[in-house]
Amino acid sequence: MAAKLISPTALKQAVFSNAVVLVFADWCMPCQTMKPIFDEVAEELKQGEGGASAAAPDVSHVHFCKLDYDKHGHDISGAKIGQGDPFTEGFHEIVKEYPTVVFFRRGRAPTLYTDGADAATLAAAIRAHYA
C-alpha cells in the first residue's frame, strides 16, 4: 500500500502516533520525483521486507502520509491541539522547501529528514529513527 494522501485533520491525529510525512506541492518537480520513492519505501517497510532484526528493526507501526502543503498549509496554522502542541509549534518552521520529509514520534516535536532522496537512505533513516 502506498503512502496515504491526508488532510490537515488527519495529519494532526498522526502527530500523536508514529508517522513519516512527505510534504509536497503538485507544481514541484523534485516532489514528483520523491513521491514514488516515498511510496516505495512505505510499501517496503509496511510489508516488513527483509524482516526485522537488530540491523533492520520492525517499523510496521509507522504511518506513511503525504500532505499537499500548497493546498492545505494554511489549514494547519490556525488549528492548535492544545498548549505546548509540538505539531503547530514546530511544523511550519520545518517546512521551508519542497519536498520535505518529517518524522513524528508520539507527540514529540517533529524531526526534519535531511539525508538523500534515494529509497535505501530514506528507509535506513526511518528504521533508525523509530527503532
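## A walk through the pockets and the fold

The lining of the largest pocket is mostly a matter of three classes: ten nonpolar residues, two polar ones and two charged ones. That is a good place to enter this model, which is a predicted one. The pocket itself holds about 220 Å³ of space. Its lining counts 14 residues, and those nearest the centre are Lys 4, Ile 6, His 63, Phe 64 and Cys 65. If you want to find the pocket by its secondary structure, look to α1 (8-14), α2 (29-47) and β3 (63-68), the elements that each give two or more residues to the lining.

Let us stay with α1 for a moment. Leu 11 is found in this helix. Is Leu 11 buried or exposed? Its relative accessibility is 0%, so Leu 11 counts as buried, given that the cut-off for that class is under 20%. Leu 11 also links two stretches of the chain that are well separated in numbering: its C-alpha atom is 7.9 Å from that of Cys 65, with their positions 54 residues apart along the chain. Cys 65 is the residue we met a moment ago, among those nearest the centre of the largest pocket.

Now move to the second largest pocket, where about 170 Å³ of space lies. Here 13 residues form the lining, and Pro 99, Thr 100, Val 101, Tyr 113 and Thr 114 are the closest to the centre. Two strands, β4 (100-105) and β5 (111-113), are the elements that give two or more residues to this lining. By class, the lining residues divide into seven nonpolar, three polar and three charged.

Pro 99 deserves a second look in the viewer. This proline sits in the loop between α4 (86-94) and β4. What is the form of the peptide bond from Tyr 98 to Pro 99? The bond is cis, with omega near -15°.

Strand β5 brings us to Leu 112. With a relative accessible area of 39%, Leu 112 is partly exposed, because that value falls between the 20% and 50% cut-offs. Which residues does Leu 112 touch, leaving aside those up to four places away in sequence? They are Ile 94, Thr 100 and Val 101. Thr 100 and Val 101 have already appeared among the residues closest to the centre of the second largest pocket. Looking towards the other end of the numbering, the C-alpha atoms of Leu 112 and Val 21 are separated by 9.9 Å, although their places lie 91 residues apart in the chain count.

Just before β5 comes another proline, Pro 110, in the loop between β4 and β5. At 11% relative accessible area, Pro 110 is buried, since the value is under 20%. From the C-alpha atom of Pro 110 to that of Val 20 the separation is 9.7 Å, and the two residues are 90 apart along the chain.

What about the cysteines? Cys 28 is buried, with a relative accessible area of 4%, and Cys 31 is buried as well, at 0%. How many disulfides does the structure hold? The number is zero.

Finally, step back to see the whole protein. There are five helices and five strands, and along the sequence they follow the pattern β-α-β-α-β-α-α-β-β-α. Of the 131 residues, 47% are buried. The accessible surface comes to about 6,600 Å², and carbon and sulfur atoms account for 54% of it. Pairs such as Leu 11 with Cys 65, 54 residues apart along the chain, prepare us for a figure on contacts. Among contacts between residues at least 6 apart in sequence, 69% join residues at least 24 apart.

Notes: Residues numbered from 1 in each chain as written. Predicted model: local features only at pLDDT ≥ 70, side-chain atom pairs only at ≥ 80, totals over all residues. Heavy atoms only, no water. 1 Å grid on protein atoms, 1.4 Å probe; cavity = no way out; pocket = protein on both sides within 12 Å on 5 of 7 lines; lining within 4 Å. Points joined across faces, edges and corners; volume = space filled by probe spheres on them. Helix = DSSP H or I, 4+ residues; strand = E, 2+ residues; numbered from the N terminus. Nonpolar A, V, L, I, M, F, W, Y, C, P; charged D, E, K, R; others polar. Disulfide = S-S within 2.5 Å. Buried < 20%, exposed > 50% of the residue type's maximum accessible area, 1.4 Å probe, protein only. Contact = heavy atoms within 4.5 Å. Areas by Shrake-Rupley, 256 points an atom, 1.4 Å probe, with all protein chains shown as cover.
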